[in-house]
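Subject: Handover of a structure

Dear colleague,

I am passing the structure below to you for your files. A description of what was found in it follows.

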Amino acid sequence: MGVFSFRKAASGRFFLYTVSMSWASKRRFIVFSILGAIVVALLASVAIAIFYDAPSCRDNKQNQDEEGIDCGGTSCTYLCSVGVQKPSTRFVRPFAPAAGRTDVIAYIDNPNMNAAAKGGRFTIELYGTDGTVLARKQGTVDLPPASTVPVYVPNFVSGYIEVARAFVSYDEPTFKWFRYTDNRIVPTYNNDAAVTGTQAPRITASLTNPSAKALRDVLVIATVFDSAGNAIAATQTVAPTIPAQGTATVVFIWNEPFSTPPARVDVVPIIPLPSP
């Protein structure tokens with residue numbers, strides 16, 4: 001192997017001649033060429049890593065098959081808000097289970113058939129007869145698809161100021177909707193609530209666990225309604241264990257009589273949604 005070079009003669013003409021390259025020179029040339037190619041490839045990789053952002057559902061851009069910015073399509077976990085319905089309040093009711101104490105029960109609806117939201121934030125406000133805000137509290141709620149979820153807030157406000165009405169508002173950006181098929185293990189209420197006592201009412205109900213796995217520390221909310229369908233009382237308890245394919249009894253106790261005779265009792269176990 002050789003390399004070509006030009007040399008100018010005294011006459012002013014150029015002559016082409018060949019300079020032979022030794023094997024050592026050839027080897028150095030090959031090695032340096034390979035090393036140079038490797039360095040160029042590494043620099044290109046680093047440049048791509050630094051300056052190129054692969055499309056994702058967190059890049060604040062509408063790309064991939066997204067239907068909006070970082071939402072929708074088959075690529076993103078969360079749905080676009082334009083494609084889902086907002087949560088709504090079926091009712092919110094303050095009541096006084098004891099002198100100088102006000103509790104609140106609210107039922108929140110998720111009208112979406114195939115969309116769920118986990119940890120959405122809401123605010124409950126109580127207003128006096130003159131329209132002033134007496135108290136305000138925030139909380140979070142999990143909304144399975146096509147569900148109505150009770151939220152119970154005990155001792156919402158203390159004192160003897162008359163509460164005229166209550167209102168629930170939603171922090172809509174915190175309701176991040178995602179596609180969800182409800183496969184949670186949820187115990188079933190056997191619709192067997194028995195009310196005993198008048199001065200200190202007690203309600204006994206049973207829950208059945210349909211699965212082959214025991215459920216532990218299940219929060220259960222009970223709401224009492226009168227014959228007109230108005231909530232007159234609510235409370236909550238925890239079922240320590242509901243055995244696999246078995247039944248557990250839960251008991252709800254009030255220290256004061258109900259304001260009107262009870263006609264119906266809702267007993268709802270609360271099972272958190274998994275993270276999307």
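In which strand does Ile-253 lie? Ile-253 belongs to strand 15, which covers residues 247-253. Please note that everything reported here concerns a predicted model.

Ile-253 counts as partly exposed, with a relative accessibility of 48%. Once neighbours within four places in sequence are left aside, Ile-253 is in contact with Pro-201 and Arg-202. Ala-200 is 53 residues away from Ile-253 in sequence, yet the two C-alpha atoms are 7.2 Å apart in space.

The first sheet to be described

One open sheet has 3 strands in the order 3-4-7, and their pairing is antiparallel. Strand 3 (88-98) and strand 7 (147-158) are at the edges; each has a single partner strand, so one side of each is left without a neighbour in the sheet. From one strand to the next, the twist averages 20 degrees. Strand 4, residues 101-110, pairs with strand 7 over 9 bridges in the antiparallel sense. Within the sheet, Ile-108 stands opposite Val-149, a residue of strand 7.

Strand 4 also contains Asn-110. Is Asn-110 buried or exposed? Asn-110 has a relative accessible area of 2% and is therefore buried, the limit for that term being under 20%. Beyond its neighbours within four places in sequence, Asn-110 is in contact with Ala-115, Ala-116, Leu-143, Pro-144, Pro-145, Ala-146, Ser-147 and Trp-177.

The hairpin of strands 5 and 6

Strand 5 and strand 6 form a hairpin, with 4 residues between them. Gly-131, in the turn, has a positive phi of about 85 degrees. The two strands pair in the antiparallel sense over 9 bridges. Gly-120 has Val-141, in strand 6, as its bridge partner.

The nonpolar cores

Which residues touch the most other members of the largest nonpolar core? They are Phe-122, Val-141, Phe-156 and Trp-177, out of 24 residues in this core. Two or more residues each come from strand 4, strand 5 (115-128), strand 6 (133-143), strand 7 and strand 8 (163-170). Another core lies apart from it and holds 20 residues, among them Ala-239, Ile-242, Trp-254 and Ile-271. In soluble globular proteins, nonpolar side chains tend to be buried together.

Trp-177 deserves a separate entry. Leaving aside neighbours within four places in sequence, its contacts include Thr-77, Tyr-78, Leu-79, Val-84, Gln-85 and Pro-87. Trp-177 is also in contact with Asn-110, Asn-112, Ala-115, Ala-116, Ala-117 and Leu-143.

The sheet of strands 14, 13 and 16

A further open sheet of 3 strands has the order 14-13-16, again with antiparallel pairing. Its edge strands are strand 14 (231-242) and strand 16 (264-270), each of which pairs on one side only. Neighbouring strands of this sheet are turned against each other by 20 degrees on average, direction ignored. Strand 13 and strand 14 are joined in the antiparallel sense over 10 bridges. The bridge partner of Ile-221 in strand 14 is Gln-236.

Leu-215 is part of strand 13, which covers residues 215-225. Its relative accessible area is 11%, so Leu-215 is buried, the limit again being under 20%. Not counting residues up to four places away in sequence, Leu-215 touches Ile-185, Pro-187, Asn-209, Pro-240, Thr-241 and Ile-242. The last of these, Ile-242, is among the residues of the 20-residue core. The C-alpha atoms of Leu-215 and Pro-243 are separated by 6.5 Å, although their positions lie 28 residues apart along the chain when counted as a separation.

Aromatic rings and charges

How many aromatic pairs does a search of the whole structure find? The search finds 8 aromatic pairs. Tyr-78, Phe-178 and Tyr-180 form one aromatic cluster, and Tyr-78 is also one of the contacts of Trp-177. Charged groups lie over rings as well. The charged end of Arg-165 sits over the ring of Tyr-127, at 4.3 Å from its centre. Arg-264 lies over the face of Phe-225, 4.0 Å from the ring centre.

Yours sincerely

Definitions and conventions
Residues numbered from 1 in each chain as written. Predicted model: local features only at pLDDT ≥ 70, side-chain atom pairs only at ≥ 80, totals over all residues. Heavy atoms only, no water. Pairing = 2+ DSSP bridges. Axes fitted to C-alpha atoms, helices over the stretch in contact; angles between N-to-C directions. Buried < 20%, exposed > 50% of the residue type's maximum accessible area, 1.4 Å probe, protein only. Contact = heavy atoms within 4.5 Å. Core = buried A, V, L, I, M, F, W, Y, C linked by side-chain atoms within 4.5 Å. Phe/Tyr/Trp six-rings, centres within 6.5 Å; stacked < 30°, edge-to-face > 60°. Lys NZ or Arg CZ within 6 Å of the ring centre and 35° of its normal.
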